[in-house]
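Please open the model in a viewer and keep the sequence panel visible. The tour proceeds from the whole chain to one pair of packed helices.

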Amino acid sequence: MTPWRQACEAALRSFSDADSIRFWGVAHEIDDVQAPIFNYRFEHTFAVVKMARWLCPLTGADLDVVECAAWLHDVRKRLKDPHSKDTHAQDASADLDEILTGTDFPSAKIPAVRHAIMHHVGLKLAKRLEPIETACLWDCDKLSKLGAASLIHFGCISGAFQPITTEDILHRGESWLLLCEGIVASFNTEPAKAEGTRRLAFLKSHYAQLRREWVEPVEACPP
Ligand SMILES: [Fe+2]
Ligand SMILES: [Fe+2]
């Protein structure tokens, strides 16, 4: 039997590598194999997996369920696909059995993985999610969009959508901070809320520093 983590990582790697190469329209050639310039989906997902391994012991959530859901929550999500409506949670759920069949993942836990994946979308919650495994996946996914690693992930893909400048990144970042307030207010679990509050403070200080470096000297010394 294939170890389930290995199967999940392989499924994600194969879909997201191909999608990243399509997205960028160019690839590195390493030993006759094409490698994407930056695989945002894989890097984001790995951050969510790391968060799952951190959060589950603190909340009592089932790590098998949350980590498996973390690996697979965006496994069918394409980068910038404006012509189709976003069904990535449903698409991932539909392919769960196929990915996990023949692995050592307990089949009795697949419905809980599916429930978590189906409820992970959106940047705000009107009420806390249940059960705890579904709540943890939402929290881990949103924590991965806050903090130092998120700056690297967003920065690496920002120029691929359109021509970008440092000032554009500053303005986008400052708009993102407003949405982050809603994310932090929505966290389901106390450890995620505390970590999210720390990460948001870091992001605010990062963009305040960027404004000091990039905009304020120009405003202070007009040509
Ligand atoms: Fe997602
Ligand atoms: Fe995600």
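Select the whole protein chain: buried residues make up 36% of its 223 residues, where buried means that 20 or more other C-beta atoms, placed from the backbone, lie within 10 Å of the residue's own. This is a predicted model, in which local features need pLDDT of at least 70, side-chain atom pairs count only at pLDDT 80 or more, and totals for chains, interfaces and linings use all residues. Residues are numbered from 1 along each chain as its sequence is written, and chains are lettered from A and ligands numbered from 1 in the order in which they are written.

Next, colour by secondary structure. The chain holds ten helices and two strands, taken as DSSP runs (helices H or I, at least four residues; strands E, at least two) numbered from the N terminus.

Now select helix α3, residues 63-72. Eight of its ten residues are buried, among them Val65, Cys68 and Trp71. Their cover includes α1, α2 (40-59), α4 (88-100), α5 (110-118) and α6 (132-143).

Add helix α1, residues 4-24. The axes of α1 and α3 come within 9 Å and cross at roughly 20°; these axes are lines fitted to C-alpha atoms over the stretch in contact, with angles from 0 to 180 degrees between N-to-C directions. The two helices are therefore roughly parallel, a term for angles under 35 degrees.

Finally, display Trp4, Cys8, Glu9 and Leu12 of α1, which meet Cys68, Trp71 and Leu72 of α3; contact requires C-beta atoms, placed from the backbone, within 7 Å.

Methods: Parallel < 35°, antiparallel > 145°, perpendicular 65-115°, else oblique. Contact = placed C-beta atoms within 7 Å. Buried ≥ 20, exposed ≤ 12 C-beta atoms within 10 Å, placed from the backbone.
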